[in-house]
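Reader: Hi! I'm new to this one, so please show it to me and start with the words I'll need.

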2 protein chains.
Amino acid sequence: MEADTPRVEEYLESIYKLQQDQYPVSTSRLAEHLKLSAPSVSEMVKKLANRGLLSHTEKGVCLTEEGKSIAKKVIRRHRLSERLLTDVLGYRWDEVHDEACRLEHAISSEMEERISESLGNPRTCPHGHPIPDKDGVLVKENVKSLSELKASDRGIIVSVFEEDPRMLKYMASLGLIPDVCVRVEEVAPFGGPMIVCVSGSRYALGREVASRIKVK
Amino acid sequence: MEADTPRVEEYLESIYKLQQDQYPVSTSRLAEHLKLSAPSVSEMVKKLANRGLLSHTEKGVCLTEEGKSIAKKVIRRHRLSERLLTDVLGYRWDEVHDEACRLEHAISSEMEERISESLGNPRTCPHGHPIPDKDGVLVKENVKSLSELKASDRGIIVSVFEEDPRMLKYMASLGLIPDVCVRVEEVAPFGGPMIVCVSGSRYALGREVASRIKVK
DNA sequence: CTTCCATATTAGGTACACCTAACTCTAGGT
DNA sequence: ACCTAGAGTTAGGTGTACCTAATATGGAAG
Ligand SMILES: [Mn+2]
Ligand SMILES: [Mn+2]
Ligand SMILES: [Mn+2]
Ligand SMILES: [Mn+2]
């Protein structure tokens with residue numbers, strides 16, 4: 001059951017993430033996300049289908065139970081690695097992604113458990129995403145985008161769908177991090193910016209940025 | 001200067017270790033150490049020579065300055081990983097080798113420095129081997145094998161040249177770990193066992209085991 | 001109904017890192 | 001002097017994971 005290559009893990013992880021908003025995942029979106037050519041992905045998808053890790057129909061690819069379970073294991077390792085980097089080694093949240101993307105393929109089940117225990121079984125990564133437990137159970141919180149809120153609505157930031165370090169740095173500089181309360185002051189029409197209030201300060205946020213911040 | 005594959009790193013690391021006791025390293029010993037066929041090693045050695053990482057003469061291979069410097073970087077990452085595993089995650093010294101052998105290829109210079117700092121810049125790995133500093137400076141302590149001691153000689157264990165988990169477990173069970181003082185009670189002739197005294201107990205040690213324990 | 005575009009695949013090729021089988025070469029033993 | 005063991009290389013081949021160029025294919029727009 002084990003013994004997959006880093007690349008196989010990378011594909012499964014990407015598919016799992018992409019199928020959150022596009023159910024059967026198209027190979028072109030997958031290629032784009034993995035930064036690979038369409039034929040490379042096409043070929044690899046065929047191999048993964050042969051190994052029983054996904055099914056491939058005209059609509060796109062869907063992970064099998066086995067594929068999903070490996071994907072969640074990789075995501076668990078990624079997020080636990082991120083926590084180790086921030087909580088133990090003092091990384092900032094904008095520095096952890098690439099490092100964790102390599103570590104996730106190098107750590108064993110044993111190490112995965114040890115990290116989790118040492119950190120007191122954290123429930124989320126530094127960006128607020130839930131860490132699947134060791135049996136692959138992933139609690140999905142009911143969240144919406146900050147961009148969906150109306151003037152005078154409030155929300156508590158749960159997570160941030162963003163990996164770009166510059167964007168993460170920017171968000172952190174405004175205090176837009178998990179567990180912080182945000183109040184919407186004003187929403188400009190025609191997809192314009194939102195004025196939000198965070199820990200006493202007011203900022204104008206682009207809709208694109210706001211859509212990546214999930215609140216409850 | 002960076003951007004080597006895990007395999008290249010593995011070769012350089014092995015060559016560096018082997019050239020401690022056999023100066024120009026023969027490709028056959030290298031193949032044996034890496035558990036690869038002789039032709040595979042022969043081929044790879046040619047590539048590494050082309051990249052300027054080693055020179056290849058009739059006597060064997062010798063690392064160039066660049067090859068040595070990469071090798072020491074990998075060894076530094078390996079030993080720092082081992083320390084992270086034991087000191088932060090609670091691994092025993094017999095559990096760390098394989099894990100560290102994967103981690104050493106996944107961690108960045110940044111992470112390397114952060115681990116070192118977080119642990120207070122440790123000077124040795126859990127087995128007592130020195131950790132090269134970030135500029136590749138490696139302090140070599142003047143040690144000899146426990147097996148070279150005569151009856152009534154004493155020594156303090158510096159390091160243990162052993163990776164096999166069962167052997168390491170055995171040594172730890174007798175208290176044969178770095179910084180411990182050992183006294184030789186008796187040396188049986190014809191390469192027979194040595195009777196040693198460690199923290200109040202006496203044990204009979206095979207010569208093979210004793211030769212792997214370095215003392216000062 | 002045709003044209004065109006996005007999506008996907010096929011065809012053919014590369015780099016990397018491994019393998020076995022077969023060959024060469026050299027130093028020692030008899 | 002001759003034979004042989006060990007060390008090393010050459011030759012030929014495999015699997016993985018990527019690439020570009022060319023080729024289908026299924027709608028939307030004209
Ligand atoms: Mn990854
Ligand atoms: Mn994260
Ligand atoms: Mn390694
Ligand atoms: Mn060690």
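Author: For residue classes, nonpolar covers Ala, Val, Leu, Ile, Met, Phe, Trp, Tyr, Cys and Pro, charged covers Asp, Glu, Lys and Arg, and the others, Gly among them, are polar. What you see is a predicted model, where local features need pLDDT of at least 70, side-chain atom pairs need pLDDT 80 or more, and totals for chains, interfaces and linings use all residues, while side-chain values use heavy atoms, without hydrogens or water. Residues are numbered from 1 along each chain as its sequence is written, chains are lettered from A and ligands numbered from 1 in the order in which they are written.

Reader: Thanks! Which classes make up the surface near DNA strand C?

Author: That surface has 8 polar, 6 nonpolar and 4 charged residues. Near means that a heavy atom of the residue lies within 4 Å of the strand.

Reader: And which residues are the closest to strand C?

Author: Of the 18 residues surrounding DNA strand C, the closest are A:Ser28, A:Ser42, B:Thr5, B:Arg7 and B:Ser40. Sugar and phosphate make up 68% of the atoms of DNA strand C that come within 4 Å of the protein.

Reader: Which helices do they come from?

Author: H2 and H3 of chain A, plus helix H1 (6-18) and H3 of chain B, each give at least two residues to the surface near DNA strand C. The most come from H3(B), with 5 residues. Helices (H or I, at least four residues) and strands (E, at least two) are DSSP runs numbered from the N terminus.

Reader: Which side chains have a polar atom by a phosphate oxygen of strand C?

Author: B:Ser37 has a polar side-chain atom 2.8 Å from a phosphate oxygen of DNA strand C. For B:Tyr11 the distance from a side-chain N or O atom is 3.2 Å, and for A:Thr27 it is 3.4 Å. A polar contact here is a pair of N or O atoms within 3.5 Å.

Reader: Nice. What about strand D, which residues are closest there?

Author: DNA strand D also has 18 residues around it, the closest being A:Thr5, A:Arg7, A:Ser40, B:Ser28 and B:Ser42. H3(A) gives the most to the surface near DNA strand D, with 5 residues. By class, that surface has 6 nonpolar, 8 polar and 4 charged residues.

Reader: Which side chain comes close to a base nitrogen of strand D?

Author: A:Glu43, with a side-chain N or O atom 2.9 Å from a base nitrogen of DNA strand D. Phosphate oxygens of DNA strand D lie 3.3 Å from a polar side-chain atom of B:Thr27 and 3.4 Å from one of B:His56.

Reader: How are chains A and B related?

Author: A rotation of 180° with 0.0 Å of shift along its axis puts chain A on chain B, with an RMSD of 0.1 Å. That is the relation of a two-fold axis. The superposition is a least-squares fit on C-alpha atoms of residues with pLDDT of at least 70 in both copies. Also, 100% of the interface residues of chain A are interface residues in chain B too, so the copies meet through the same surface; contact means heavy atoms within 4.5 Å.

Reader: Switching to metals, what holds the manganese ion called ligand 3?

Author: Its donors are B:Glu10 (OE), B:Cys101 (O), B:Cys101 (SG), B:Glu104 (OE) and B:His105 (NE2), at 2.0 to 2.6 Å. B:Glu10 is in helix H1 of chain B and B:His105 in the loop between helix H5 (97-103) and H6, so the pair ties together parts 95 residues apart in sequence. Donors are N, O and S atoms within 2.8 Å of the metal (3.2 Å for Na, K and Ca), and water is not among the atoms, so sites may look incomplete.

Reader: And which residues serve ligand 4?

Author: The protein donors of that manganese ion are B:Glu82 (OE), B:Cys125 (SG) and B:His127 (ND1), 2.1 to 2.5 Å away. In sequence they are spaced E-x42-C-x1-H.

Reader: Are B:Glu82 and B:His127 buried or exposed?

Author: B:Glu82 is buried at 2% relative accessible area, and B:His127 is buried at 5%. Buried means under 20%, exposed over 50%, and partly exposed in between (1.4 Å probe, protein chains only).

Reader: Last one: what is the phi of A:Lys35?

Author: A:Lys35 has a positive phi of about 55°, though it is not a glycine. Most residues other than glycine have a negative phi. A:Lys35 sits in the loop between helix H2 (27-34) and H3 of chain A, and is exposed at 77% relative accessible area.

Notes:
Polar contact = N/O pair within 3.5 Å; in protein donor to acceptor, adjacent residues only side chain to side chain.
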